[in-house]
Amino acid sequence: MMTVEDTAAQAERSKDTTRRFFEACNRHDLDEIMSFFHPDVVHHSRLSDYPKEGIAFAYQVTLQAFPDLTWNVLETVADGDRVASLVRFTGTHSGDYLGKA
């Protein structure tokens with residue numbers, strides 16, 4: 001069983017991982033962004049389910065359509081290995097995105 005100190009230390013590691021993920025997003029570093037995803041990840045969306053390659057494609061398309069896209073992390077909370085972040089996305093739509101130019 002984890003002690004309070006173990007849980008707090010895990011929470012800090014989890015928050016650090018989350019911070020590094022959003023930093024990679026803000027650099028638009030697709031390779032690093034994708035390094036945070038498990039190789040067997042499946043994204044379940046309202047339209048379809050797709051694997052890691054589909055997630056990478058979605059990021060690529062989004063970053064091309066919004067070249068100045070920024071993830072502004074307003075708040076992050078963690079409890080052990082569970083993390084939640086409140087994030088505001090900002091960017092200028094300047095390319096094709098889901099059929100919209």
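**Exercise 1. The loop after the opening helix**

Task: Find where H28 sits in this predicted model, and work out what its backbone and its exposure look like.

Solution:
- Step 1. Begin with the place: H28 belongs to the loop between α1 (4–27) and α2 (30–35).
- Step 2. Turn to the backbone. The phi angle of H28 is near 60°, a positive value in a residue other than glycine. Most residues other than glycine have a negative phi.
- Step 3. Check the exposure. H28 has 24% relative accessibility, so this histidine counts as partly exposed.
- Step 4. Now look across to Q60, a residue of helix α3. Q60 and H28 are 32 residues apart along the chain, and their C-alpha atoms are separated by 8.9 Å.
- Step 5. Finish with Q60 itself: because its relative accessibility is 36%, Q60 counts as partly exposed.

**Exercise 2. The chain as a whole**

Task: Write down the order of helices and strands, then describe the extent, burial and surface of the chain.

Solution:
- Step 1. Take the inventory, which gives three helices and four strands.
- Step 2. Put them in sequence order, and the pattern reads α-α-β-β-α-β-β.
- Step 3. For the extent, use the principal axes: the C-alpha atoms fill a box of roughly 50 × 30 × 25 Å.
- Step 4. For burial, 23% of the 101 residues are buried.
- Step 5. For the surface, the accessible area is about 7200 Å², and carbon and sulfur atoms account for 54% of that.
- Step 6. For the contacts, keep those with a separation of 6 or more; residues 24 or more positions apart make up 45% of them.
- Step 7. For the charges, there are 10 positive and 16 negative side chains, and the centres of these two sets lie 4 Å apart.

**Exercise 3. The largest pocket**

Task: What is the volume of the largest pocket, and which helix gives the most to its lining?

Solution:
- Step 1. The volume of the largest pocket is about 560 Å³.
- Step 2. Its lining has 19 residues, and those nearest the centre are Y50, A58, Y59, T62 and Y97.
- Step 3. Sort the lining by element: helix α3 (residues 52–65) gives the most, with seven residues.

**Exercise 4. T62 and Y97**

Task: Take T62 and Y97, two of the residues nearest the pocket centre. Is each of them buried or partly exposed?

Solution:
- Step 1. Place them both. T62 lies in helix α3, while Y97 is in the segment after β4 (82–90).
- Step 2. Apply the cut-off: buried means under 20% relative accessible area. T62 has 18%, so T62 is buried. Y97 has 24%, so Y97 counts as partly exposed.
- Step 3. List the contacts, leaving aside neighbours within four places in sequence. T62 touches L69 and Y97, and Y97 touches V61, T62, A65 and F66.
- Step 4. Add a distance. V61 and Y97 are 36 residues apart along the chain, with 6.9 Å between their C-alpha atoms.

**Exercise 5. Two strand residues and their distant partners**

Task: How far apart in space are H43 and D79, and what separates the C-alpha atoms of R82 and V42?

Solution:
- Step 1. Locate the strand residues: H43 lies in strand β1 (residues 42–44), and R82 is in strand β4.
- Step 2. Read the first pair. H43 and D79 are 36 residues apart in sequence, and their C-alpha atoms are 24 Å apart.
- Step 3. Read the second pair. R82 and V42 are 40 residues apart along the chain, and 19 Å separates their C-alpha atoms.
- Step 4. Look at what H43 does touch. Setting aside neighbours within four places in sequence, H43 is in contact with S48, D49, Y50 and I55.
- Step 5. Close with exposure. H43, at 33% relative accessibility, counts as partly exposed. R82 has a relative accessible area of 66%, so R82 is exposed.

Conventions
Residues are numbered from 1 along each chain as its sequence is written. This is a predicted model: local features need pLDDT of at least 70, side-chain atom pairs count only at pLDDT 80 or more; totals for chains, interfaces and linings use all residues. Side-chain values use heavy atoms; hydrogens and water are left out. Helices (H or I, at least four residues) and strands (E, at least two) are DSSP runs, numbered from the N terminus. Buried means under 20% relative accessible area, exposed over 50%, partly exposed in between (1.4 Å probe, protein chains only). Contact means heavy atoms within 4.5 Å. Accessible areas come from the Shrake-Rupley method with a 1.4 Å probe; for residues, only the protein chains shown count as cover. Lys and Arg count as positive and Asp and Glu as negative; His and the chain ends are not counted. The place of a charge is taken as NZ of Lys, CZ of Arg, CG of Asp or CD of Glu. On a 1 Å grid over the protein atoms alone, a cavity is a set of points where a 1.4 Å probe fits but cannot get out, and a pocket is an open set with protein on both sides within 12 Å along at least five of seven lines; lining residues have an atom within 4 Å of a point. Grid points are joined across faces, edges and corners, and a volume is the space filled by probe spheres set on the points.
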